[in-house]
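Here are a few exercises to work through with the model open in your viewer. Try each one yourself before reading the solution.

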Amino acid sequence: MYCTHCGGVIDDNAMVCPHCGCATVNYLRRTPNKIPRRFNVPAVVGIFLSVASAFMLVLSLVNAGFIFVGAVMAFAGLVISIVGCILTSRYNSGVTLSVCGIMVGCTMFALIFLISSFVALL
């Protein structure tokens, strides 16, 4: 076999050329293609919004206007967490964050809905 860089004669099983040190075809064939691990941004944003809606629920005890903001944040966190869950195969990460965001978002949205319905009845 010949080196593709310098043209020197090399062994058929060589990984690098002993003359110039460049990688051979064998090295390129044996190097596994690693899939880069990307960050699942929707999963992180979804769990953040879902948890932040819990703080809005606490703040709604002081000012009733925060309950609407909490409901919007819980719903947005729920939707974005679902998007993050759908994209987990693309990002190879974020399954746990997405599922937690969905659970917290559903819980907070239901809790805010129940509390606002109870307050409306009073």
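A residue is called buried when its relative accessible area is under 20%, exposed when that value is over 50%, and partly exposed in between. Keep in mind that this is a predicted model.

**Exercise 1. Work out whether T24 is buried or exposed, and find what its side chain reaches.**

Step 1: place the residue. T24 sits in the segment before α1, which spans 25-30.

Step 2: apply the cut-off. The relative accessibility of T24 is 4%, and buried means under 20%, so T24 is buried.

Step 3: look for a polar partner. A polar atom of the T24 side chain lies 2.7 Å from the backbone oxygen of A14.

Step 4: list the surroundings. Setting aside residues up to four places away in sequence, T24 touches M1, I10, A14, M15, V16 and C17. A14 therefore turns up twice, as a polar partner and, with contact meaning heavy atoms within 4.5 Å, in the contact list.

**Exercise 2. Show how S81 and S98 tie helix α3 to helix α5.**

Step 1: assign the helices. S81 belongs to helix α3, while S98 is in helix α5.

Step 2: check burial. S81 has 0% relative accessibility, so it counts as buried. S98 also comes out as buried, at 0%.

Step 3: compare the contact lists. Leaving out residues up to four places away in sequence, S81 touches P42, G46, I47, S50, S98, G101 and I102. With neighbours within four places left aside, S98 is in contact with N40, A43, S81, G84, C85 and T88. Each serine appears in the other's list.

Step 4: add distances. The C-alpha atoms of S81 and G101 are 5.3 Å apart, with their positions 20 residues apart along the chain. On the S98 side, the side chain reaches the backbone nitrogen of C85 at 3.2 Å.

**Exercise 3. Find the aromatic pair and classify its geometry.**

Step 1: count. The structure holds one aromatic pair.

Step 2: identify it. F75 and F109 are the partners, with 5.8 Å from centre to centre and 45 degrees between the planes.

Step 3: classify. Planes under 30 degrees apart count as stacked and those over 60 as edge-to-face, so 45 degrees makes this pair tilted.

Step 4: see what is linked. F75 lies in helix α3 and F109 in helix α5 (residues 95-121); the two are 34 residues apart, and the pair links distant parts of the chain.

Step 5: check accessibility. F75 is partly exposed at 46%, and F109 is partly exposed at 34%.

**Exercise 4. Which residues make the nonpolar surface patch, and which helix gives the largest share?**

Step 1: collect the members. L59, F66, F68, V69 and V72 make a nonpolar surface patch of about 430 Å².

Step 2: sort by element. Helix α3 (residues 66-86) supplies four residues, the largest share.

Step 3: test one member. V72 is in helix α3, with a relative accessible area of 44%. Patch residues need over 30%, so V72 clears that bar while still counting as partly exposed.

**Exercise 5. Where is V51, and how far is it from G70?**

Step 1: V51 lies in helix α2 (residues 41-59).

Step 2: its relative accessible area is 35%, so V51 is partly exposed.

Step 3: V51 and G70 are 19 residues apart in sequence, and their C-alpha atoms are 9.7 Å apart in space.

Terms used
Residues numbered from 1 in each chain as written. Predicted model: local features only at pLDDT ≥ 70, side-chain atom pairs only at ≥ 80, totals over all residues. Heavy atoms only, no water. Patch = residues over 30% accessible without salt bridge, like charges linked within 9 Å, V, L, I, M, F, W, Y side chains within 5 Å. Areas by Shrake-Rupley, 256 points an atom, 1.4 Å probe, with all protein chains shown as cover. Salt bridge = Lys/Arg side-chain N within 4 Å of Asp/Glu carboxyl O. Buried < 20%, exposed > 50% of the residue type's maximum accessible area, 1.4 Å probe, protein only. Polar contact = N/O pair within 3.5 Å; in protein donor to acceptor, adjacent residues only side chain to side chain. Phe/Tyr/Trp six-rings, centres within 6.5 Å; stacked < 30°, edge-to-face > 60°.
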